[in-house]
Amino acid sequence: MWQIFHKLGSPKWFFGIASKLMPWLLWVGLSLLAAGIVWGLGFAPKDYLQGNSYRIIFIHVPAALLAQSVYMMMAVAGLVTLVWRMKLADVFVRAVAPVGAILTFLALFTGAVWGKPTWGTWWIWDARLTSMLILLFLYFGVMALGAAISDEKSSARAVAVLVLVGVVNIPIIKYSVEWWNTLHQPATFKLTEKPSMPAEMWVPLLLSVLGLYLIFGWLACLRMQTEILVREGRTRWVKELVQARGN
Amino acid sequence: MTTEFTVGLRAPEASVGTATAMKAVFVRDLKTAFRQPQDLLNPLLFFVMVVTLFPLGVSPEVSFLQQAGSGILWVAALLSVLLSLDHLYRHDFDDGTLEQLVLQPQPLFLLVLAKSLAHWVLTGLPLVLLAPVLGVMVHLEGNSVAVLCLTLLIGTPVLSLIGSIGAALTLGLRSAGVLLSLLIIPLYIPVLIFGTGTVMAASEGASVEGQLALMGAFLVLALTLAPFASAAALRISLSNS
Amino acid sequence: MSEPLLQAVNLECERDDRVLFRDLSFSILPGTLIRVEGPNGSGKTTLLRILAGLNDSYSGDLLWRGKNRHGYREEFLRNMLYLGHRPGIKPLLTPMENLRALMDGRRSLPDRILWQALEGTGLGGFQTVPCRNLSAGQQRRVALARLLIADEPLWILDEVFTAIDIQGVGALERLLVERVENGGAIVVTTHHDLQLPSMQRLTLGGGDGYDY
């Protein structure tokens with residue numbers, strides 16, 4: 001057991017596995033996403049209330065879902081960093097934090113674009129949008145702390161503590177923002193919770209969600225590989241690898 | 001230098017208990033703070049000045065202040081606590097007492113808890129005591145002032161406890177102050193929401209026991225979890241220095 | 001009493017992509033004084049902080065009385081005294097209050113003993129003057145007063161002679177010798193030319209350590 005774990009934590013081993021996985025993740029992910037978006041934008045039926053503007057959910061929902069899962073994944077990796085001191089877990093956190101922030105921003109942006117035809121304004125202090133905004137703040141905090149500490153090991157552990165503190169707070173933040181929302185504007189209709197969404201709508205949605213997750217997997221592998229090359233630049237296997245590729 | 005007092009080489013069996021050690025940490029922080037009274041006064045002055053900005057910057061109308069008053073006071077209190085956090089470990093770090101604290105045999109999270117409580121007594125509690133005066137100045141009505149003070153009384157210890165994590169994480173870093181705010185403000189949002197929301201509900205005549213109980217739950221959660229995170233963060237920061 | 005107090009096994013420490021030491025193994029026995037030597041930046045302070053348990057970015061093992069130290073944190077800390085570059089003295093408090101605060105977490109001693117310990121380090125008459133009004137050397141002497149009343153068998157002292165005048169240095173050397181003769185174990189770093197009987201040297205630098 002310990003051996004396997006140790007092997008899993010080895011950057012060299014990961015580098016090899018990632019290289020094999022990445023083309024699959026990229027191409028399957030792209031096809032799923034393309035299928036989902038083309039179907040969703042071109043062929044899914046109009047919404048009876050919002051017309052065509054609802055179609056932005058085929059981007060908004062996958063981005064928002066993934067943005068939240070990325071933080072959860074970072075928390076798991078943070079726990080691994082603190083308990084087992086596995087370098088690779090920290091590499092993961094560093095590699096995906098900016099991706100998570102960009103996805104959160106994308107979710108906010110598409111939410112705002114959606115808000116214009118729906119509410120007649122770019123920004124509404126809606127519970128979901130506000131929660132996403134706070135999630136963006138949490139991502140910024142993680143990135144800022146990571147950049148501020150120069151020592152690699154201390155930086156890894158400090159970031160892990162912060163991510164874990166953040167993940168304990170996320171449900172509390174969500175709950176309080178929802179409560180705050182009902183306090184200030186009772187009974188606005190919720191956008192993403194349709195009582196029953198026809199299959200022609202949710203199947204393409206599911207496809208684009210899956211596709212985006214796979215593309216995220218590809219991007220995470222790519223960014224982790226880069227981070228590993230930077231960190232392990234002095235080791236022999238990296239030097240050999242660079243030479244082999246250079247020729 | 002003589003050595004006549006050197007007590008043998010046995011391991012100390014008459015060791016000090018955790019409660020005694022916590023009390024010692026608490027007392028030392030209070031003593032140090034009272035030797036420098038200006039430092040105690042500054043967050044309070046800041047609190048008053050920030051509150052003053054709102055009537056001047058937005059509107060002195062009674063109707064506006066009545067509606068926004070609880071929010072203004074809560075935001076000002078939050079910022080005031082945030083500003084004072086940088087001092088929580090900084091001086092101890094600079095003069096080496098923090099190293100000695102970490103090397104005490106008692107569980108570190110309990111010593112950290114004692115420090116957080118001292119921080120609250122020195123910053124949060126004075127804010128709570130000052131709040132009624134400012135509450136009157138923003139025209140909050142009788143019952144609202146009482147509820148506001150109650151929410152501050154429950155909420156400000158949470159601010160100290162969570163803030164301690166940020167202070168420990170940013171210890172010894174350049175521009176730690178701004179970074180600390182970036183890390184901590186998102187975590188303060190639930191306390192702010194419930195703090196102001198409770199006062200608002202009270203001013204509309206609703207019952208607020210549920211909200212107060214929930215804030216109490218936040219406090220219990222912060223009391224049980226935050227010291228562990230702070231202790232871990234302190235070890236990491238010291239390990240790096 | 002020949003069982004080692006603290007044992008380092010294959011310690012390795014890397015800082016900012018530079019190996020400070022590697023495969024460093026040694027034992028700290030009761031009744032020995034080990035002086036850690038090496039040029040600036042060779043990791044003397046880092047090693048002392050690792051031994052004291054302040055720095056845990058190392059690989060290798062540290063055994064406290066033969067057992068892995070991780071499981072015996074409280075026992076280890078009760079038996080170890082560390083004095084670092086920064087003396088742990090609050091400028092706003094008096095020497096008495098400072099010493100009281102430092103001892104409160106460890107042993108309860110009557111005021112009389114603390115008072116005498118401060119006298120013993122040459123601070124007689126200064127016991128109730130705020131430390132910020134004292135000189136750097138006097139502030140360090142407040143921290144040194146702990147050594148007079150300490151009963152921890154292992155002392156880890158980083159740059160302990162800094163800012164101490166000649167008489168003070170002599171007295172401190174005598175204290176260390178006497179301590180070692182009584183069975184205490186001491187690890188020190190110093191730029192002062194320390195020549196004590198039976199002093200062992202541990203030299204850092206060049207990336208490899210020496211075995212004991």
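Start by selecting chain B: of its 241 residues, 51% count as buried (20 or more other C-beta atoms within 10 Å of a residue's own, with C-beta atoms placed from the backbone). Keep in mind that this is a predicted model, where local features need pLDDT of at least 70, side-chain atom pairs count only at pLDDT 80 or more, and totals for chains, interfaces and linings use all residues. Residues are numbered from 1 along each chain as its sequence is written, while chains are lettered from A and ligands numbered from 1 in the order in which they are written.

**Chain B on its own**

Switch to cartoon and you'll find nine helices and zero strands in chain B (DSSP runs numbered from the N terminus, helices being H or I with at least four residues and strands E with at least two). Along the sequence, that reads α-α-α-α-α-α-α-α-α. The C-alpha trace of chain B spans about 75 × 35 × 30 Å along its principal axes. Of the contacts in chain B with a separation of 6 or more, 81% are between residues 24 or more positions apart; a contact here is two residues whose C-beta atoms, placed from the backbone, lie within 7 Å.

**Where B meets C**

Now add chain C. Here 34 residues of chain B are in contact with 46 residues of chain C. On the chain B side, select H1 (18-34), H5 (97-102) and H9 (209-240), each of which supplies at least two residues. H1(B) gives the most, with six residues. Color that side of chain B by class and you get 14 nonpolar, 14 polar and six charged residues (Ala, Val, Leu, Ile, Met, Phe, Trp, Tyr, Cys and Pro are nonpolar, Asp, Glu, Lys and Arg charged, and the others, Gly among them, polar).

**A helix pair inside C**

Stay in chain C and pick H3 (95-104) and H5 (136-148), whose axes come within 10 Å and cross at roughly 45°. Those axes are lines fitted to C-alpha atoms over the stretch in contact, with angles running from 0 to 180 degrees between N-to-C directions. H3(C) and H5(C) are therefore oblique to each other, as angles under 35 degrees count as roughly parallel, over 145 as roughly antiparallel, 65 to 115 as roughly perpendicular and the rest as oblique.

Show sticks for Pro95(C), Asn98(C), Leu99(C) and Leu102(C) in H3(C), which meet Val142(C), Ala145(C) and Arg146(C) in H5(C). By class, the residues of this contact are five nonpolar, one polar and one charged.

How values were computed:
Buried ≥ 20, exposed ≤ 12 C-beta atoms within 10 Å, placed from the backbone.
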